[in-house]
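Biologist: Before I trust any label in this one, I'd like to hear the reasoning behind it. Can we go through the calls one by one?

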Amino acid sequence: MSKQISSERKTAFYLGGILMVIGGISFLSVFVTGIMNFGDFSNFEGQARSSMARAFGGMILLIIGGIVRGVGARGLAGSGVLLDPEQARDELEPYSRMAGGMVKDALDEVDLNFGSAAAEKVIMIRCRACGKLNEEDSKFCQECGKGI
Ligand SMILES: [Zn+2]
């Protein structure tokens, strides 16, 4: 049982990201060349065909990149490609641990604040003369009246 995301999945995640970027650029370039060639109809058919190819190619790359990225991030079962809850749980384990860690951090933060507030209240000073516990900021013992 792996506790970390495998290197294959990391590679797929970044590869998917790269595919999405290429697809996005290809898709956007259609608009850029469309604006640059605006009013120039000398090779309209060729431009239209190239634009169509880039728009479709870009979209397909975006979709494939998104799928590859999702599979890389969550694993085959974790992303729903394979119906295997047991494997999905294993593959999503790093995320579960991340969520658990974040909850723990939040609780630690709350606990720390409560803890310091509570600690302030319970600090008492023992009188050296009679042993009575007095408030931290008291100058004289409540019991015997000697200076603290
Ligand atoms: Zn005392």
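**The zinc site**

Modeller: Sure, and keep in mind that the model is predicted. Let's start with the metal: the four donor atoms around the zinc ion subtend angles of 105 to 117 degrees, so the arrangement is tetrahedral.

Biologist: What makes angles of 105 to 117 degrees tetrahedral?

Modeller: For four donors, the label requires all angles to lie between 85 and 135 degrees. The angles at the zinc ion run from 105 to 117 degrees, so they fit that window and the label holds.

Biologist: Which atoms are the donors, and how do you know that they count as donors?

Modeller: They are the SG atoms of Cys127, Cys130, Cys141 and Cys144, at 2.3 Å. The cut-off for an S atom at this metal is within 2.8 Å, so 2.3 Å qualifies. Along the chain the donors follow the spacing C-x2-C-x10-C-x2-C.

Biologist: Are cysteine 141 and cysteine 144 buried or partly exposed, and why?

Modeller: Buried means under 20% relative accessible area, so cysteine 141 is buried at 5%. Cysteine 144 has 37%, which puts it between 20% and 50%, so it's called partly exposed.

**Salt bridges**

Biologist: How many salt bridges does the structure hold?

Modeller: Three. One of them joins glutamate 86 and arginine 89, with the closest N and O atoms 3.8 Å apart.

Biologist: Why is 3.8 Å still called a salt bridge?

Modeller: The nitrogen has to be within 4 Å of the carboxyl oxygen, so 3.8 Å passes. As for the setting, glutamate 86 and arginine 89 are three residues apart in helix 3 (residues 85–91), about one helical turn.

Biologist: Why does about one turn matter here?

Modeller: An α-helix has 3.6 residues a turn, so residues three or four places apart point the same way.

Biologist: Are glutamate 86 and arginine 89 buried or exposed?

Modeller: Exposed means over 50%: glutamate 86 has 55%, so it gets that label. Arginine 89, at 61%, is exposed too.

Biologist: What makes glutamate 93 and arginine 97 a salt bridge?

Modeller: Their N to O distance is 3.2 Å, so they meet the 4 Å limit. They sit four residues apart in helix 4 (residues 93–122), again about one helical turn. Glutamate 93 has a relative accessibility of 16%, which is under 20%, so it is buried. Arginine 97, at 40%, is partly exposed.

Biologist: And what about lysine 104 and aspartate 108?

Modeller: Their closest N and O atoms are 3.1 Å apart, so that pair passes as well. Both lie in helix 4, four residues apart, about one turn of the helix. Aspartate 108 counts as partly exposed at 38%.

**Helix 2 and its surroundings**

Biologist: How do you know that the span of helix 2 agrees with what it should be?

Modeller: At 1.5 Å a residue, its 31 residues should span 45 Å, and the end C-alpha atoms are 44 Å apart, so the two agree. Helix 2 is followed by glycine 75, with a positive phi near 80 degrees.

Biologist: Which residues of helix 2 are buried?

Modeller: Among them are Ser51, Ala55, Gly58 and Gly65.

Biologist: What forms the nonpolar patch on the surface?

Modeller: Met52, Phe56, Met59, Ile60 and Ile64, with about 480 Å² of accessible area together. Isoleucine 64 lies in helix 2 (residues 44–74). A patch residue needs over 30% relative accessible area, and isoleucine 64 has 40%, so it clears that bar.

Biologist: Why is alanine 77 called buried?

Modeller: Its relative accessible area is 6%, under the 20% limit, so the label fits. Alanine 77 is in the loop between helix 2 and helix 3. Its C-alpha is 7.2 Å from that of glutamate 91, 14 residues apart in sequence.

Biologist: How far apart are lysine 10 and glycine 72?

Modeller: They are 62 residues apart in sequence, yet 5.9 Å apart in space, C-alpha to C-alpha. Lysine 10 belongs to helix 1 (residues 7–36). At 43% relative accessible area, lysine 10 falls between 20% and 50%, so it is partly exposed.

Key. Residues numbered from 1 in each chain as written. Predicted model: local features only at pLDDT ≥ 70, side-chain atom pairs only at ≥ 80, totals over all residues. Heavy atoms only, no water. Salt bridge = Lys/Arg side-chain N within 4 Å of Asp/Glu carboxyl O. Helix = DSSP H or I, 4+ residues; strand = E, 2+ residues; numbered from the N terminus. Buried < 20%, exposed > 50% of the residue type's maximum accessible area, 1.4 Å probe, protein only. Patch = residues over 30% accessible without salt bridge, like charges linked within 9 Å, V, L, I, M, F, W, Y side chains within 5 Å. Areas by Shrake-Rupley, 256 points an atom, 1.4 Å probe, with all protein chains shown as cover. Donors = N, O, S within 2.8 Å, 3.2 Å for Na, K, Ca; no water. Tetrahedral: all angles 85-135°; square planar, octahedral: opposite > 155°, others 65-115°. Expected span 1.5 Å × (residues − 1).
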